[in-house]
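Thank you all for coming; I would like to walk you through one structure this morning, starting with a helix and then moving to a group of strands. Please have a look at it on the screen before I begin.

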Amino acid sequence: VENSVADHLSRMKIDEEVPINDSLPEEQLMALEVIKTKLDDAYALKDERLPWYVDFVNYLVSGEIPEDISGYKKKKFLRDVCHYYWDEPYLFRRGNDGLFRRCVAEAEGEDILRHCHGSSYGGHFAVFKTVQKVLQAGFWWPSMFKDAHDHIAKCDACQRAGNISMRNEMPQNPIIVVEIFDVWGIDFVGPFNPASHGNSYILVAVDYVSKWVEAIAAPTNDAKVVLKLFNTIIFPRFGVPRCVISDGGSH
């Protein structure tokens with residue numbers, strides 16, 4: 001039996017060339033897999049660029065708890081978030097000293113460490129002192145001690161100077177901390193010739209802190225005059241001093 005339909009189709013004239021689709025379903029599936037992989041990498045890269053405090057901000061703004069935490073981590077998250085305060089566009093954390101400091105990302109923390117350690121007012125101090133300067137400047141992030149240690153380890157000036165030996169250290173003299181009228185210096189001035197009303201000497205007492213001066217005239221320069229100065233002026237007016245400094249004379 002002749003197939004008239006097929007015979008008719010074989011005799012039809014085609015004016016335009018129809019392109020042949022040589023692509024296979026497997027290749028399309030592979031292309032979809034490649035696109036999905038690239039999207040996953042893009043999302044992962046986006047997550048890496050997010051600051052560490054994004055979960056705290058989301059919770060304070062919308063009350064949303066991260067989906068990937070549960071159990072103890074969830075309890076710890078809810079306990080830690082009580083120390084944070086959101087004031088758009090910044091997040092602040094209350095420290096143990098009761099002060100609020102702005103939370104910064106690790107990338108911004110590198111610039112802060114550069115200023116607090118290596119600038120003209122930084123001083124190239126060690127880790128603890130550098131972190132203390134960061135806290136005094138009003139910034140905070142969780143890994144600040146580790147980041148400060150890594151930053152100092154890469155500081156060219158610190159690596160060149162190294163540790164200062166005792167031979168290169170400047171001599172240190174103890175400083176006595178005293179209050180006003182605690183330390184007095186005394187000395188005799190004279191003799192004066194001619195004497196005034198029979199007084200040839202002046203006993204002078206100077207407070208080391210305020211530079212306040214007390215003085216009495218005396219005919220002699222002995223211990224009795226010193227006792228008179230303290231019993232009549234120093235003790236009644238200023239109390240008992242902690243230290244009296246003189247030139248060590250016999251009087």
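To judge the length of a helix, I take its expected span as 1.5 Å times one less than its number of residues. Please keep in mind that this is a predicted model. Helix H5, residues 106–118, has 13 residues and should therefore span 18 Å, and its end C-alpha atoms are indeed 18 Å apart, which agrees.

Which residues of H5 are buried? They are Gly109, Ile112, Leu113, Cys116 and His117, and because they cover an arc of only 115° around the axis, they lie on the same side of H5. In general, an α-helix has 3.6 residues a turn, so residues three or four places apart point the same way. As for what covers the buried residues of H5, the cover includes helix H6 (127–137) and strand S4 (139–140), together with helices H7 (144–153) and H8 (156–161).

Let me turn now to the strands. Strand S6, residues 201–207, pairs in the antiparallel sense with strand S5, residues 183–189, over six bridges, and S6 also pairs with S7 in the antiparallel sense over six bridges. If you look for Ile202 in S6, you will find Val189 standing opposite, while in S7 the bridge partner of Ile202 is Ala217. S6 and S7 form a hairpin with five residues between them, and in the turn Lys211 has a positive phi of about 65°.

The side chains along S6 alternate: Tyr201, Leu203, Ala205 and Asp207 point to one face and are buried, whereas Ile202, Val204 and Val206 point to the other and are not. Strand S7, residues 213–218, likewise has a covered face, made of Glu214, Ile216 and Ala218, and an uncovered one, made of Val213, Ala215 and Ala217.

I would like to finish with Asp207, which is found in S6. Although Asp207 is buried, it has no salt bridge, and the nearest side chain of opposite charge, that of Lys211, is 7.8 Å away. What, then, is Asp207 in contact with, leaving aside its neighbours within four places in sequence? The residues in contact with Asp207 are Ile180, Phe181, Asp182, Val183, Trp184 and Trp212.

Notes
Residues numbered from 1 in each chain as written. Predicted model: local features only at pLDDT ≥ 70, side-chain atom pairs only at ≥ 80, totals over all residues. Heavy atoms only, no water. Helix = DSSP H or I, 4+ residues; strand = E, 2+ residues; numbered from the N terminus. Buried < 20%, exposed > 50% of the residue type's maximum accessible area, 1.4 Å probe, protein only. Arc of directions from axis to C-beta. Contact = heavy atoms within 4.5 Å. Lys, Arg positive; Asp, Glu negative; His and termini not counted. Salt bridge = Lys/Arg side-chain N within 4 Å of Asp/Glu carboxyl O. Pairing = 2+ DSSP bridges.
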